[in-house]
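Visitor: I am new to reading protein models, and I would like to take a close look at one part rather than hurry over everything. Could you take me slowly through chain B, starting with its overall make-up and then going into its details?

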Amino acid sequence: MAGSALKRLMAEYKQLTLNPPEGIIAGPVNEENFFEWEALIMGPEGTCFEGGIFPARLTFPSDYPLSPPKMKFTCEIFHPNIYPDGRVCISILHAPGDDPMGYETSAERWSPVQSVEKILLSVVSMLAEPNDESAANVDAAKTWREDKTKFQEVAERTVRKSLGL
Amino acid sequence: MKAFLITGASFLLSGMVLFNAYYQKKQFYPSVVYITKSNPSMAVLYLQAFVFIVLLGKVMRKIFFGQLRAAETEHLIEKSWYAVTETCLAFTVFRDDFSPRFVAMFTFLLFLKCFHWLAEDRVDYMERSPVISLIFHSRVLSLLSSLAVVDLYFINHAYYSTLLRGASVQLVFGFEYAILLTVVFMTLFKYILHSIDLQSINPWESKAVYLLYTELFMGLIRVILYIFFMFIMIKVHTFPLFAVRPMYLAMRSFKKALHDVIMSRRAIRNMNTLYPDATAEDLASSDNVCIICREEMDTNCKKLPCNHIFHTSCLRTWFQRQQTCPTCRMDVLRLPRPAPTPPAPPAQPQQPPPFPQAFQQFQYGWLPQHQQAPAAAPPSGSTSSASTTTTPSTTTPLSSPGTMGAPPPFIPPMMPPNSFMPFVYPQPPSSMSGLSREDLLNMEGEERQNIEARIHWLRDIQSLLDGAMLLINQYNTVASQMR
């Protein structure tokens, strides 16, 4: 058998397929490479992303779980904490050393205790409650703060787009 | 599609050139002369040569790698751009002996470099895939051995040509191939380690350590090579601008490897001396899964002062990055932190003497002081549950500002007589008691001396706090041994 990173990813995959959390599907893109995952995230109910299904890609480093994976939405999504190119900016995806936004305490950063499931659940809660304090997409943060109806419109458009409508 | 068109066009053009030459001159030798004299024909033929080398690359790739993965292609393109830029820079240094042969040699070097990078990526991939086929092994082995042979040949060639004809551009080639050879060795070593790892069911724990040391060693060789090369180049030619970036990268990675090795050594030492092995009861009382690798724990586990249990090997790899508990993020290095003033206090004893009496003496030494300074301050936020009973009594007299006027007599009662804990207590402040009016006045104002006075007192307070921390830790250790 191979490295500990691979073993752990396999264990997490098994766990995720056995009891998948609601609204989340995730797994390796192909079973020969467990370090590239694809995830589908359902927009949380009662938010402007409700009904959307957003595909994302997770890329794991070879020293996972010591370093965090990277997550990137592969669809268009307009959200204060998601860069225009789809990269997700949440604190648990940041290694404790670096602090791109300069505000996170190390307590909310990555540690091996985190897992794919926890990351995806935090992304779902991030979709529900954007944090406009630390914007990755400044336009989205501004719209979210100042013009909720417009944000709603854009979000609904991305939802429709994510469904291929 | 585009590549296909270019290839087709190139073949067509060179066919036309050859046909034209032969048509005009009718014989082999005059046609060759005609072609070499004609610039357009030569341009077409150079293009053709380039197309040939790309095709050759594709064939070799097919043989040695099969389909490239997206990440590999990405790395390849990224690195190639840098390499091309550096090659162009190198051309400027050697513009005097610029010739087609020279360009061809650089192209071939670039070509080989690509294969070295791909081999590195491929071997790294071994850790990522659950299925490694036999064909993978044969491909990697044959690729690495042929690369090593080619590198050696070129080093040899460069060496003799430098000996015979003096320093020339061959110096650069010899050096570049030497660097590539270190890459081959590194890759080969990684491959061997990964292969050994693949043989066993459980992850091989000491692989990471071996990898670290190889990286350190190879990094050192690379840095030496680069410095040597720089030195020679400056003496013989000019400053080799094209080697600056790779040299910087080599130095950085060497520094990183060195740092990693130091961290890893420290982590291992801490593992061995500071944290007790988890007992069977410990394992039974927790949920028995190592949070780092998500596997069951049976043997070889360590318990941190915060009572969290992990596999020894998992914990070690984590401590190389960070000295905190993965679960609660308690800073574990606070435990053995040496006091600021004394020089190099000895590490924690591995075998404490029978502690009950020691502990009693320890406490008796403290009690009177506790009564002396009954100022009740809340316990500082100690995360360790084991120490909560003793923590307030130690922190209170030291950290609360109320005691500034009447500090406890420090040294003698604190140190247990039988050298229970060979910590050296930080030097107590010079005199905290007589804070005269003059002293206080001295601290007011913005002059240098005022600030110095303030800093002086802050330092004293700092060392008091450090002392308090040390004591807490001692209590902690005692408490954990009692349990």
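Guide: Chain B has 16 helices and four strands, and since what you see is a predicted model, please read everything that follows as computed from that prediction. Of the 483 residues in this chain, 26% count as buried. If we take the contacts in chain B with a separation of 6 or more, 67% of them are made by residues 24 or more positions apart.

Let us begin with helix H1 of chain B, which covers residues 2–25. At 1.5 Å a residue, its 24 residues should span 34 Å, and because the C-alpha atoms at its ends are 34 Å apart, the expectation and the model agree. Within H1(B), the residues B:Ser10, B:Val17 and B:Ala21 are buried. As background, an α-helix has 3.6 residues a turn, so residues three or four places apart point the same way. The buried residues of H1(B) pack against two other helices of chain B, namely H2 (28–37) and H3 (39–64). After H1(B) comes B:Lys26, a residue with a positive phi, near 70°.

Further along the chain we can pause at B:Leu283, which is placed in helix H10 (residues 280–285) of chain B. This residue has 17 C-beta neighbours inside 10 Å, and therefore counts as partly exposed, given that a residue needs 20 or more to be buried and 12 or fewer to be exposed. Leaving aside its neighbours within four places in sequence, B:Leu283 is in contact with B:Ala278, B:Asn288, B:Met297, B:Cys301 and B:Ile309. One of these partners, B:Met297, is 14 residues away along the chain, and its C-alpha atom is separated from that of B:Leu283 by 7.5 Å.

Finally, we can turn to the side of chain B that touches its partner, where 21 residues of chain B are in contact with 23 residues of chain A. Helix H7 (170–199) and helix H11 (312–321) of chain B are the elements that give two or more residues to this side, and H11(B) gives the most, with three residues. Sorted by class, this side of chain B has 10 nonpolar, four polar and seven charged residues.

Note on methods. Residues numbered from 1 in each chain as written. Chains lettered and ligands numbered in written order. Predicted model: local features only at pLDDT ≥ 70, side-chain atom pairs only at ≥ 80, totals over all residues. Contact = placed C-beta atoms within 7 Å. Nonpolar A, V, L, I, M, F, W, Y, C, P; charged D, E, K, R; others polar. Expected span 1.5 Å × (residues − 1).
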